[in-house]
Amino acid sequence: MGKRKYEMAEKLKEAKKATAIAKLNNVPTSPRKMRLVADTVRGVEVNHAIDLLHYSKREASTSLEKLLRSAVANWEAKNPEMAKELDNGNVYVKTIMVDEGRTLKRIRPCPQGRAGRIRKRSNHVTVILDVKKPVEEK
């Protein structure tokens, strides 16, 4: 029983080795605006995704591009023997998640002596890179 658990743990360890994770917390952009940019690069090859973000007009794309470059650096550090996979275009954005961060609440004066609430939202972004598996022909 112990040997089987060890073998499964080793398989999981090998599977996780090909993936790289990068996180960016408390980005001062609303999660909705960041998700619009994140949707453009989800499932896309890494080099193409960096180009898409670099030439995007949206403000959120600059921080997302920096995060993606960090994820690529993490992947290269984890897999130095698989450096050619990056040049071949086999590394892609497997998962990109945008979660809501903390909200700063501010007050703005409104008519008739009232106070209006301003919500300055932030978000947390997580990027996971993976290598495409070669398709086996039958």
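Helices here are DSSP runs of at least four residues, numbered from the N terminus. With that in hand, a walk through this predicted model can start at helix α2, the stretch from residue 31 to residue 41. Right after α2 comes Gly43, and its phi is positive, near 80°.

Now for α2 itself. Its buried residues are Pro31, Met34, Val37, Ala38 and Val41. Looking down the axis of α2, these buried residues fall within an arc of 125°, so they line one face of the helix. The face turned away from that buried side is another story: it carries the exposed residues Arg32 and Lys33. What sits over the buried residues of α2? The cover includes the strands β1 (20–27), β2 (91–100) and β5 (123–131), along with the helices α3 and α4.

Those three strands belong together. They form an open sheet in the order β1-β5-β2, with antiparallel pairing. β1 and β2 are the edge strands, as each of them pairs on one side only. From one strand to the next, the twist averages 15°. As a bit of background, strands of a sheet pair through backbone hydrogen bonds, either parallel or antiparallel.

How many bridges hold each pair? β2 and β5 are paired over nine bridges, while β1 is joined to β5 by six. Leu129 in β5 is a handy landmark here: Ala20 stands opposite Leu129, and Val93 stands opposite Leu129 too. Elsewhere in β5, Ile128 has Thr95 standing opposite. Eight of the nine residues of β5 are buried, so this strand is largely enclosed by the rest of the structure.

Next, the packing. Helix α4 lies across β1, β2 and β5, and runs at about 150° to β1. The largest nonpolar core has 29 residues, and the members that touch the most others are Leu64, Leu68, Ile96, Val125, Val127 and Leu129. β1, α2, α3, α4, β2 and β5 each supply at least two residues of this core. Which element gives the largest share? That is α4, with seven residues. In soluble globular proteins, nonpolar side chains tend to be buried together.

Ile96 gives a close-up of that core. Leaving out residues up to four places away in sequence, Ile96 touches Ala38, Val41, Arg42, Leu64, Val125, Thr126 and Val127. Two of the residues on this list, Ala38 and Val41, also appear among the buried residues of α2.

Two more residues are worth a visit, and the first is Ser63 in helix α4 (residues 60–78). Is Ser63 buried or exposed? The cut-off for buried is under 20% relative accessible area, and Ser63 has 19% relative accessibility, so this residue counts as buried. The side chain of Ser63 reaches the backbone oxygen of Ala60 at 3.1 Å. Setting aside neighbours within four places in sequence, Ser63 is in contact with Leu24, Val27 and Met34.

The other is Ile50, found in helix α3 (residues 46–54). Because its relative accessibility is 10%, Ile50 counts as buried. Not counting residues up to four places away in sequence, Ile50 touches Glu65, Leu68, Arg69 and Val72. Where does Ile50 sit relative to Lys3? From C-alpha to C-alpha, Ile50 and Lys3 are 43 Å apart in space, and in sequence they are 47 residues apart.

Conventions: Residues numbered from 1 in each chain as written. Predicted model: local features only at pLDDT ≥ 70, side-chain atom pairs only at ≥ 80, totals over all residues. Heavy atoms only, no water. Buried < 20%, exposed > 50% of the residue type's maximum accessible area, 1.4 Å probe, protein only. Contact = heavy atoms within 4.5 Å. Polar contact = N/O pair within 3.5 Å; in protein donor to acceptor, adjacent residues only side chain to side chain. Arc of directions from axis to C-beta. Core = buried A, V, L, I, M, F, W, Y, C linked by side-chain atoms within 4.5 Å. Pairing = 2+ DSSP bridges. Axes fitted to C-alpha atoms, helices over the stretch in contact; angles between N-to-C directions.
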